[in-house]
Structure formats: C-alpha cells, structure tokens
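Let's take a walk through this protein together. Have a look at the sequence and the fold first, and then we'll go piece by piece.

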Amino acid sequence: MTVEDAGDLAGVPDGFGRLWVPHRMAYIGGENKPADAAAGHGCPFCRAPELSDEDGLIVARGRTSYVLLNLYPYNGGHLLVCPYRHVADYTELEQAEVVEIADLTRTAMTVLRAVSGPDGFNLGMNQGAVAGAGIAAHLHQHVVPRWGGDANFLPIVGRTRALPELLADTRTRLAAAWPGEDH
Ligand SMILES: [Zn+2]
C-alpha cells in the first residue's frame, strides 16, 4: 500500500485533526469525502467492495453486507459493517440486510475479542450528518473495541499510529481470524 492508494480507501472522518499522518493529507484535501449523496465511485463504501480485500481494508464479505476497517479509527481494530447497497437510513434496509449486519457485528466482536482482547465495545450508527455521520449517505455500523483507560491517552498517543501499514496488518490479522471461508 502506498500513500497514493489512500484515496481508494473507505473511512469516516471524525473531526479529529491528524495532520502528522502523511497518508491522511489526501482526506484533508477532501479527496475521499463524497461530493454529494450519490452512489457509485463518489461513495467510499460503494467503492471499497470493488477493490481487493487488501486495498479496500475489507475484513469479511457477506451476501448483502461486508466488514471493513475504518480508515479513521477511534481505536485499533475499529470496524465498520456496511450494506453493499447505497442506502442512508436504517429503515431503508431490507430484512436480510438487517439480519446480516447484526450477524456480522456479532462476529466482529468475537473476532476482535480473540485477536486483541478488548474490555468492551461501542456499537452504533450515526444517522444523518447532524448526528455525526461522516458519510451520511451510506449506512455503516461502527464496532469500536474499547480497553480500560483508552480514552485517557489514545486520542493523543494512539492516533499517531494510524498508519497505512498498521491498518494493513490489522486487516490481515482480523481476516485470518474471521470464521468461515478463506480470506
Ligand atoms: Zn455508497
């Protein structure tokens, strides 16, 4: 993975400045932020499944939905569960998507526990830009592993480690631990 590839990755900007991480410069320039609410190549969550697992930071692919690493992690192993379909609102999901997003979320917790032993999780969806959704047009469920005391120092120290190489390593470890098919 190179710095130039960063524009192909998906993530949810969270408003924290990370100017010291060189690969984020592409995002600060707005290159990964959708210009509008349209589906397709302007949307990182529509684009990621078209890439290889490695390039898209995809951990697992389901039938209706998939799991990828957030390029803007609150913590190491911060995952997003997305439907393949470009829908914004939870009420727009089809039943099969609701079920699979729930199943993938539970599997993500199990895999994260096995790989990195978090003490807890934050799970949830921000619905609408006003509620904090960085990419409001394409629904995504956050799975954020939490460790005791992490909020005390990780926002300052840990975020400096959000480098592409670390995300690639994290993806490889989580994908290898994911049950089911080969990855
Ligand atoms: Zn989309």
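In which helix is A96 found? A96 sits in helix α4. Before going further, a word on what you're looking at: this is a predicted model, where local features need pLDDT of at least 70, side-chain atom pairs count only at pLDDT 80 or more, and totals for chains, interfaces and linings use all residues. Residues are numbered from 1 along each chain as its sequence is written.

**The overall layout**

The protein chain has six helices and five strands. Both come from DSSP runs, numbered from the N terminus: helices are H or I with at least four residues, and strands are E with at least two. Going along the sequence, you meet them in the pattern α-α-α-β-β-β-α-β-β-α-α. Of the chain's 183 residues, 34% count as buried. Here, buried means that 20 or more other C-beta atoms lie within 10 Å of the residue's own, exposed means 12 or fewer, and partly exposed is in between, with C-beta atoms placed from the backbone.

**Helix α4**

Back to A96: this residue is partly exposed, because 13 other C-beta atoms lie within 10 Å. Its C-alpha atom is 7.3 Å from that of T64, although the two are 32 residues apart along the chain. Other residues of α4 are buried, namely E97, I101, L104, T105, T107, A108, V111 and L112. An α-helix has 3.6 residues a turn, so residues three or four places apart point the same way. What about the span of α4? Its 22 residues, at 1.5 Å a residue, should cover 32 Å, and the end C-alpha atoms are 31 Å apart, which agrees; the expected span is 1.5 Å times one less than the number of residues. Just after α4 comes G117, with a positive phi of about 55 degrees.

**The sheet**

The five strands make an open sheet in the order β1-β2-β3-β5-β4, with antiparallel pairing. Its edge strands are β1 and β4, each pairing on one side only. Strands count as paired if DSSP finds at least two bridges between them. Strands β1 (residues 58-61) and β2 (residues 65-69) run antiparallel and are joined by three bridges. They form a hairpin with three residues between them. Two of the facing pairs are listed here:

| Residue | Partner in β2 |
|---|---|
| I58 | L68 |
| A60 | V67 |

**The core**

Which residues of the largest nonpolar core touch the most other members? They are V59, V67, L68, L79, V81 and A108, out of 31 residues in that core. The elements giving two or more residues to this core are α2 (44-47), β1, β2, β3 (79-83), α4 (95-116), β5 and α6 (164-177). Helix α4 gives the most, with five residues. A nonpolar core is a set of buried Ala, Val, Leu, Ile, Met, Phe, Trp, Tyr and Cys residues joined through C-beta atoms within 7 Å.

**The annotated residue**

The unreviewed UniProt entry annotates H140 as "active site". Such positions are given in the numbering used here, feature names are shortened, and annotations may be inferred rather than shown by experiment. You'll find H140 in the loop between β4 (120-124) and β5 (141-146). Is H140 buried or exposed? H140 is buried, because 25 other C-beta atoms lie within 10 Å.
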